[in-house]
Amino acid sequence: MLGLLLRVLPFWVREPLLIVVGAVFGARITYLAVHDQDRVAAVIGAVFLVFTAIRVRLVVRALRARRNPAPAASADGAPTDAVARAWAQAQLTAPAPAPAPAPAGAGLPPGPVTAGKEPNPWGQAVAAVGVFAAIAAALWLGPDVLPSDDDTSTSRAASCSDTEDEELPAVYRKTPRPVTGAELCEALNRPDLARLLGTPTEIATSASGTSNTAALTDGKVAQPEAEVRFDTYTVNLSATYNELSTAQYVNLLKIAGTEGEKHLRTLTVLGRPALLSSDPTMKIEISLGDEGSSGPVQQGPLARTLSVALDSKDRGGSYDITVWSESGALPDDGVLLGIAEEILPTIPLRSVR
């Protein structure tokens with residue numbers, strides 16, 4: 001149907017239409033490719049833009065040909081006017097027409113005979129662009145105006161628990177003030193977190209944040225955390241404001257001989273020292289029956305943690321992003337790196353010392 005429509009449309013309507021559609025699609029796809037770092041989409045956008053450039057060149061050549069028409073040439077190169085000669089031959093052989101009554105103003109020299117006015121190519125082009133400008137605007141603004149799957153998921157996603165009214169521990173009144181659990185939850189509970197995890201169709205079932213202090217520190221070390229749960233994965237984001245640097249922590253693990261068990265991997269994230277490690281979660285069974293008994297603490301599924309130093313100088317403290325699932329399956333390390341690169345820059349700067 002589209003091919004038939006393009007063949008029926010006049011040249012000066014069809015070509016501007018192809019240019020508008022190609023430019024809009026090419027620019028939009030290229031923009032999304034750069035935003036999402038999608039190489040395949042970038043190639044598709046480039047194809048659209050190249051196609052549009054070819055159509056523009058074709059229209060420019062057609063306009064030049066209309067402005068400077070070249071006379072037709074015979075087989076030996078001499079210019080001919082076949083239309084004029086055919087008209088003259090028809091006049092010689094046709095019978096003389098009957099005289100017609102003289103119109104008003106007879107006796108005046110007849111005016112020049114003008115051919116039917118040819119359609120203005122510029123008018124046709126402007127009309128085509130005007131008709132399809134609305135389509136182009138709809139294609140460009142559609143993701144922002146029309147509801148999408150992401151917008152629907154966002155509206156139904158769990159919101160962070162309201163912890164702003166709770167009294168913060170005294171350590172949170174230090175200068176610079178540590179980030180709170182509510183702020184971490186706001187940074188973690190992003191509309192695109194499920195996509196970053198590789199499960200774009202899932203919706204967060206719960207989200208919470210707490211402003212805690214580290215254990216065995218007598219409330220002197222702030223350790224806020226936030227957690228967002230999905231059907232497949234659970235993501236925990238915490239910040240620890242102690243004096244232990246990432247390099248010191250790695251040395252401690254090596255001294256303890258646990259680097260093999262934890263599958264350690266040192267790297268750099270956002271210009272800061274970072275460490276990937278694995279640890280089992282804790283599983284506690286609590287009975288809600290009359291006796292209220294509970295079972296012993298057991299090891300839960302394995303969790304993967306990315307620890308990133310609070311600053312590039314590694315002067316102590318870290319952000320920890322931990323991911324685990326009830327099934328025990330874990331995303332690859334690239335998923336944790338992608339989450340860190342998107343989330344950590346959104347945490348308030350005052351939390352960085």
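Okay, quick definition before anything else: when I say buried I mean under 20% relative accessible area, exposed is over 50%, and partly exposed is whatever sits in between. Keep that in mind, since I'll lean on it throughout. And this is a predicted model, so take everything here as computed from that prediction.

Let's begin with the salt bridges. How many does a search of the whole structure find? The count is nine, and I'll walk through three of them.

First up, R190 and E342. Their side chains meet in a salt bridge at 3.5 Å, N to O. Where do the two partners sit? R190 is in the loop between α7 and α8, with α8 covering 193–197, while E342 is in helix α10, residues 333–343. That puts them 152 residues apart, so here's a pair linking distant parts of the chain. Now, buried or exposed? For E342 the relative accessible area is 36%, which makes that residue partly exposed, because 36% falls between the two cut-offs. R190 comes in at 19%, and that counts as buried, because the cut-off is under 20%. If you like arguing about thresholds, R190 is your residue.

Next, D192 and R195. Their side chains make a salt bridge too, at 3.3 Å, N to O. D192 is buried, with 17% relative accessibility, whereas R195 is partly exposed at 45%.

Then there's D333 with R304, where the N to O distance is 3.0 Å. Again the bridge links distant parts of the chain: D333 belongs to helix α10, R304 to strand β6, residues 298–309, and they are 29 residues apart. Both D333 and R304 are buried.

So which residues end up in one network? Salt bridges with shared partners join R190, D192, R195 and E342.

Okay, on to the disulfide. The search of the whole structure turns up one, and it's between C160 and C185, with the sulfur atoms 2.0 Å apart. C160 lies in the loop between α6, which is 149–156, and α7, which is 181–188, and C185 is in helix α7 itself, so the pair ties together parts that are 25 residues apart in sequence. For the torsion fans: the value about the S-S bond is about -95°, so this disulfide is left-handed. The two cysteines don't share a burial class, either. C160 is partly exposed, with a relative accessible area of 27%, while C185 is at 0% and counts as buried.

Aromatics now. One aromatic pair comes out of the whole-structure search, and that's F25 with F48. Stacked or edge-to-face? Stacked, with 5.7 Å centre to centre and 20° between the planes. The reasoning is just the angle: planes under 30 degrees apart count as stacked, and 20° is what this pair has. F25 sits in helix α2 and F48 in helix α3, residues 39–67, with their positions 23 residues apart in the chain. Both rings belong to partly exposed residues: F25 has a relative accessible area of 31%, and F48 has 29%.

While we're on α2, a word about the helix itself. It covers residues 11–36, so 26 residues by count. From its first C-alpha to its last it reaches 37 Å, close to the 38 Å expected at 1.5 Å a residue. And just after α2 you'll find Q37, with a positive phi of about 55°.

That brings me to backbone oddities. Which other residues have a positive phi without being glycine? Two I picked out are D218 and H263. For D218, phi is near 55°. D218 is placed in the loop between β1, 206–213, and β2, 222–229, and it's exposed, with a relative accessible area of 71%. H263 has a phi of about 50°. H263 is found in the loop between α9 and β4, with β4 at 265–269, and it's partly exposed at 47%.

Last item, the surface. What makes the nonpolar patch of about 300 Å²? L244, L252 and I255 do. L252 lies in helix α9, residues 246–256, and is partly exposed, with a relative accessible area of 48%.

That's my tour, and I'm happy to pull up any of these spots on the screen.

Key. Residues numbered from 1 in each chain as written. Predicted model: local features only at pLDDT ≥ 70, side-chain atom pairs only at ≥ 80, totals over all residues. Heavy atoms only, no water. Helix = DSSP H or I, 4+ residues; strand = E, 2+ residues; numbered from the N terminus. Expected span 1.5 Å × (residues − 1). Phe/Tyr/Trp six-rings, centres within 6.5 Å; stacked < 30°, edge-to-face > 60°. Buried < 20%, exposed > 50% of the residue type's maximum accessible area, 1.4 Å probe, protein only. Disulfide = S-S within 2.5 Å. Patch = residues over 30% accessible without salt bridge, like charges linked within 9 Å, V, L, I, M, F, W, Y side chains within 5 Å. Areas by Shrake-Rupley, 256 points an atom, 1.4 Å probe, with all protein chains shown as cover. Salt bridge = Lys/Arg side-chain N within 4 Å of Asp/Glu carboxyl O.
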